[in-house]
Amino acid sequence: MGETFRFGNVTGPVNAGSGTQYVGGHHQVAGRDLHGVAGNQIMNQGLHADLEVIRNALGELRLTATERQNAERELSVVEDAVRAETPDREQAADHLQALTSGLERAGALADAGTSLVDALGRIAQWLGPLGAGVIALLGL
């Protein structure tokens, strides 16, 4: 028989061979995004993975101490806004744009690998119209 998936108070069958599962009313497909519900919190592992890519990339970029401190502060606000029980997309968008703009002014976007630009772009796309400024800064 199949395994049972448990996330908070939600359980459901897992068909490990298919790469898909149906849990508590949510159809989940193996890959980038996983949605589960615990209270009102929606967990999107792809989004959190993108935030981690950005955090790791900041450590590799050539930034002054002030630029790095500002970038890390902006990213922390984005992370908090996204991870809130009800994500604050407006706050996330404002600070993602400030982060991206600061990296652009520092010349770090030009030196950054595609993983950083792609992660910023995916988060901006998740933000919808609020992420348009970031998309424009990235030239996507």
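# A guided tour of the helices around α5

α1 and α5 are oblique to each other, because their crossing angle falls in neither the parallel, the antiparallel nor the perpendicular range. The model in the viewer is predicted, and this oblique pair is the place to begin.

**First stop: α1 against α5.** Please select residues 45–60, which form α1, together with residues 114–126, which form α5. The two axes come within 9 Å and cross at roughly 140°. The crossing of α1 and α5 is left-handed. To display the contact, show Leu-47, Asp-50, Leu-51, Val-53, Ile-54 and Ala-57 on the α1 side. On the α5 side, show Ser-115, Leu-116, Ala-119, Leu-120, Arg-122, Ile-123 and Trp-126. Colouring this contact by residue class gives ten nonpolar, one polar and two charged residues.

**Second stop: α5 on its own.** Hide α1 and keep residues 114–126 in view. How far apart should the ends of this helix be? At 1.5 Å a residue, the 13 residues of α5 should span 18 Å. The C-alpha atoms at its ends are 18 Å apart, in agreement with that expectation. Next, select the buried residues of α5, namely Leu-116, Val-117, Ala-119, Leu-120, Gly-121, Ile-123 and Ala-124. Which elements cover them? The cover includes α1 (45–60), α3 (89–105), α4 (108–111) and α6 (132–138). Just beyond the end of the helix, select Gly-128, whose phi is positive, at about 70°.

**Third stop: α3 against α5.** Add residues 89–105, the helix α3, to the view. The axes of α3 and α5 come within 10 Å and cross at roughly 155°. An angle over 145 degrees counts as roughly antiparallel, and α3 and α5 are therefore roughly antiparallel to each other. This crossing is left-handed. From α3, select Arg-89, Leu-96, Leu-99, Thr-100 and Leu-103. They meet Leu-116, Leu-120, Ile-123, Ala-124 and Trp-126 of α5. The contact of α3 with α5 holds eight nonpolar residues, one polar and one charged.

**Fourth stop: α1 against α2.** Return to α1 and add residues 65–83, which make up helix α2. Here the helices pack at an angle of about 170°, with their axes 11 Å apart. That angle makes α1 roughly antiparallel to α2. The α1 residues to select are Leu-47, His-48, Leu-51, Ile-54, Arg-55, Leu-58 and Gly-59. Opposite them, α2 contributes Arg-68, Ala-71, Glu-72, Leu-75, Ser-76, Val-78, Glu-79, Val-82 and Arg-83. By class, this contact comprises eight nonpolar, three polar and five charged residues.

**Fifth stop: Glu-79.** Within α2, centre the view on Glu-79. Is Glu-79 buried or exposed? Glu-79 has a relative accessible area of 9%; as buried means under 20%, Glu-79 is buried. Leaving aside residues up to four places away in sequence, Glu-79 touches Leu-51 and Arg-55. Both of these belong to the α1 side of the contact with α2.

**Last stop: Glu-60.** Finally, move along α1 to Glu-60, which lies in that helix. Its relative accessible area is 69%; since exposed means over 50%, Glu-60 is exposed. From there, select Ala-108, which is 48 residues away along the chain. The C-alpha atoms of Glu-60 and Ala-108 are separated by 10.0 Å.

Key. Residues are numbered from 1 along each chain as its sequence is written. This is a predicted model: local features need pLDDT of at least 70, side-chain atom pairs count only at pLDDT 80 or more; totals for chains, interfaces and linings use all residues. Side-chain values use heavy atoms; hydrogens and water are left out. Helices (H or I, at least four residues) and strands (E, at least two) are DSSP runs, numbered from the N terminus. The expected span of a helix is 1.5 Å times one less than its number of residues. Buried means under 20% relative accessible area, exposed over 50%, partly exposed in between (1.4 Å probe, protein chains only). Contact means heavy atoms within 4.5 Å. Axes are lines fitted to C-alpha atoms, for helices over the stretch in contact, and angles run from 0 to 180 degrees between N-to-C directions. Angles under 35 degrees count as roughly parallel, over 145 as roughly antiparallel, 65 to 115 as roughly perpendicular and the rest as oblique. A crossing is left-handed if the near helix is turned anticlockwise from the far one by less than a right angle, and right-handed if clockwise. Ala, Val, Leu, Ile, Met, Phe, Trp, Tyr, Cys and Pro count as nonpolar, Asp, Glu, Lys and Arg as charged, and the others, Gly among them, as polar.
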